[in-house]
Amino acid sequence: QVQLVESGGGLVQAGGSLRLSCAASGSIFSINIMAWHRQAPGKQRELVAGLTSGGSTNYADSVKGRFTISRDNAKVYLQMNSLQPDDTDVYYCYAVARRGYWGQGTQVTVSS
């Protein structure tokens, strides 16, 4: 079992930055993928950035060059720069450890 708790969301003006954090607990040594997804009301949840235990990363085209995913042991971070109103969503931490686990989500709101 893995538990995920996100933090760091909030309100920011367009062009600003935020850093999201996700603290994992439980069977963290079995985690082989950690990722951030986001979801707007009425829309499908989409992958924002992923990171494997081997250090490979992948990003949604819409965030390449602006967002950076990183991991420090039991925490995964999403550094978000040059934020735009279209980045407004609920952001979810996701981990794969034999199966997928989700955090509760954190709201990011970017004002124009």
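How many disulfides does the structure contain? In this predicted model, the count comes to 1 disulfide. The bond is formed by cysteine 22 and cysteine 93, whose sulfur atoms lie 2.1 Å apart. A disulfide is a covalent bond between the sulfur atoms of two cysteines. Cysteine 22 belongs to strand β3 (residues 18-26) and cysteine 93 to strand β9 (residues 89-97), so the link ties together parts of the chain that are 71 residues apart in sequence. The angle about the S-S bond is -85°, and the link between cysteine 22 and cysteine 93 is left-handed. Both cysteine 22 and cysteine 93 are buried.

Cysteine 93 is also among the residues touched by tryptophan 102. This tryptophan is located in strand β10, which covers residues 99-102. Leaving aside residues up to four places away in sequence, tryptophan 102 is in contact with Leu4, His37, Arg45, Tyr92, Cys93 and Tyr94. Tryptophan 102 has a relative accessible area of 40% and is therefore classed as partly exposed, since that class lies between the 20% limit for buried residues and the 50% limit for exposed ones. Glycine 54 is 48 residues away from tryptophan 102 along the chain, and the C-alpha atoms of the two residues are separated by 21 Å.

Charged side chains were examined next. Side chains of opposite charge can pair when their charged atoms come close. The structure holds 5 salt bridges, and a network of such bridges links Arg38, Glu46, Arg66, Asp87 and Asp89. Within this network, arginine 38 forms a salt bridge with glutamate 46, with an N to O distance of 2.8 Å. The two partners fall into separate accessibility classes: arginine 38 counts as buried because its relative accessibility is 5%, whereas glutamate 46, at 36%, counts as partly exposed.

Arginine 38 also forms a salt bridge with aspartate 87, the closest N and O atoms being 3.0 Å apart. Arginine 38 lies in strand β4 (residues 33-39) and aspartate 87 in the loop between β8 (75-80) and β9, so this pair ties together parts that are 49 residues apart in sequence. Both arginine 38 and aspartate 87 are buried. A further salt bridge joins arginine 38 to the side chain of aspartate 89, at 3.5 Å from N to O. This pair likewise links distant parts of the chain, with aspartate 89 in strand β9 and arginine 38 in strand β4, 51 residues apart. Aspartate 89 is buried, as is arginine 38.

The pairing of strands was considered last, with strand β8 as the point of reference. Strand β3, which contains cysteine 22, runs antiparallel to β8 and is joined to it by 6 bridges. In this pairing, arginine 19 stands opposite glutamine 79 of β8. Strand β7 (residues 67-72) is also antiparallel to β8, and 6 bridges join these two strands. Here serine 70 has tyrosine 77 in β8 as its bridge partner. Strands β7 and β8 form a hairpin with 2 residues between the strands, in which asparagine 73 takes a positive phi near 60°.

How values were computed: Residues are numbered from 1 along each chain as its sequence is written. This is a predicted model: local features need pLDDT of at least 70, side-chain atom pairs count only at pLDDT 80 or more; totals for chains, interfaces and linings use all residues. Side-chain values use heavy atoms; hydrogens and water are left out. Helices (H or I, at least four residues) and strands (E, at least two) are DSSP runs, numbered from the N terminus. Buried means under 20% relative accessible area, exposed over 50%, partly exposed in between (1.4 Å probe, protein chains only). Contact means heavy atoms within 4.5 Å. A disulfide is a pair of cysteine sulfur atoms within 2.5 Å. A salt bridge is a side-chain nitrogen of Lys or Arg within 4 Å of a carboxyl oxygen of Asp or Glu. Two strands pair if DSSP finds at least two bridges between them.
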